[in-house]
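Colleague: I should like to go through this model step by step with you. May I put some questions to you about its chains and how they are arranged?

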Amino acid sequence: MDSKTRQILCELQDGFKLETRPFKRIANKVGCTEEEVIEIISKCRDDGIIRRIGAAIRPEQIGHAANALVAWDVSEENVDEIGTALAELREISHCYERECPPGWNYNLFTMIHARSEEELRNIVAGISERFKFNGFKIFRTEKELKKTSMRYFEEAQP
Amino acid sequence: MDDKDREILQMLQGRFPLESEPYRVIGDKLWMDEVSVISRIARMYESGAIRYLGPFFDSRKLGYKGCLAAIDAPADRVDAIAAVINGYSEITHNYLREGSPNIWFTVIAPSEERREQIFAEIRQKTGVKDILIFASKKLFKVRLILTRRQ
């Protein structure tokens, strides 16, 4: 990654300021044109360094009152098929296969978001009937203790 | 939050327009003017519905290693243990959950050494011996839930 790209991503990492021309501000700061900034950001998005540009929303603020981490015990030969299928469900925001410590068999991790406790139960029941699981565990979200965005880029030292 | 706000949120979950005046582009699609789009986003920030607006980086493509970790904390020690965990900038998400273990957090570190160092420090500062560590093996999905109309 060249230093201009790094500088632009550094300026971007705390999100956009709310203004009509967010890329112009970055261009002024970094010392290039607005077009260049947009081009470099587009390239990072195409390359996958930026996986998405948009808003992060607090689920509980948009009507998702019942949220849970649900970990499923899936055998090795089924994990790809089930993981891919679960990723299609709109109620699921995160789906990862993870390495597990000894004694822990729930290897497929999903975050499920529902509007009510009843809806959450129905979603989990629906999934558990549809696929072959050896078991699952529900960890309902009680409280957000911290939620921030990672800062990957350090400001250049003056 | 009204329907217009939901429409804006919907747009902000798709591909953000990489153009000189992105909010005008969004407004054009929703039959709204640019100033209304910006002021509605500002209001959703203030209400807490929007936490962040900007790029999301792929930590692995930037050379970082991520994992999920969990601690089983006694109820009366949750706050103290959470305070230690939350002190690390490499720990971006931390949740109290029902069940055991009850504290679940994510660690994104530039190296395995740094990650192990963080865990060692947490063990030492909190006295908790067992931290369950779940390294990610395969990502099937990370995406925000689409806004649903009530």
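Colleague: Which residues of helix H4 of chain B are buried?
Modeller: Please keep in mind that this is a predicted model. A residue counts as buried if 20 or more other C-beta atoms lie within 10 Å of its own. In helix H4 of chain B, residues 78-86, the buried residues are B:Ile81, B:Ala82 and B:Ile85.

Colleague: Why do these buried residues lie on the same side of H4(B)?
Modeller: The residues concerned are B:Ile81, B:Ala82 and B:Ile85. They are on the same side of H4(B) because the arc that they cover around the axis is only 100 degrees.

Colleague: Which exposed residues does the face of H4(B) turned away from its buried side carry?
Modeller: A residue is exposed if 12 or fewer other C-beta atoms lie within 10 Å of its own. On the face of H4(B) turned away from the buried side, the exposed residues are B:Asp79 and B:Ala80.

Colleague: Which strand of chain A helps to cover the buried residues of H4(B)?
Modeller: From chain B, the cover includes strands E2, E3 and E4 together with helix H5. Chain A also takes part in the cover, through residues 135-147, which form strand E5.

Colleague: How many residues does each chain bring to the contact, and which element of chain B gives the most?
Modeller: The contact takes 62 residues from chain A and 62 residues from chain B. On the side of chain B that touches chain A, helices H1, H2 and H3 are among the elements that each supply at least two residues. The element that gives the most, with 11 residues, is E5(B).

Colleague: How many residues of the side of chain B that touches chain A are nonpolar?
Modeller: This side of chain B also holds 16 polar and 12 charged residues. The nonpolar residues number 34.

Colleague: Which residue of E1(B) stands opposite A:Ile57?
Modeller: Strand E1 of chain A, residues 50-57, is joined to E1(B) by 7 bridges, and the two strands run antiparallel. Opposite A:Ile57 stands B:Ile50.

Colleague: What is the radius of gyration of chain A, and why is the chain described as more spread out than a compact globule?
Modeller: Chain A has 5 helices and 5 strands. For its 158 residues the globule rule gives 15 Å, and the chain is well over that value, so it is more spread out than a compact globule; its radius of gyration is 20 Å.

Colleague: What distance separates the centres of the two domains of chain A?
Modeller: Chain A is divided into domain 1, residues 3-47, and domain 2, residues 59-140. Taken over C-alpha atoms, the separation of their centres is 36 Å.

Note on methods:
Residues numbered from 1 in each chain as written. Chains lettered and ligands numbered in written order. Predicted model: local features only at pLDDT ≥ 70, side-chain atom pairs only at ≥ 80, totals over all residues. Helix = DSSP H or I, 4+ residues; strand = E, 2+ residues; numbered from the N terminus. Rg over C-alpha atoms; globule rule 2.2 N^0.38 Å. Arc of directions from axis to C-beta. Contact = placed C-beta atoms within 7 Å. Domains from an automatic or database assignment. Nonpolar A, V, L, I, M, F, W, Y, C, P; charged D, E, K, R; others polar. Pairing = 2+ DSSP bridges.
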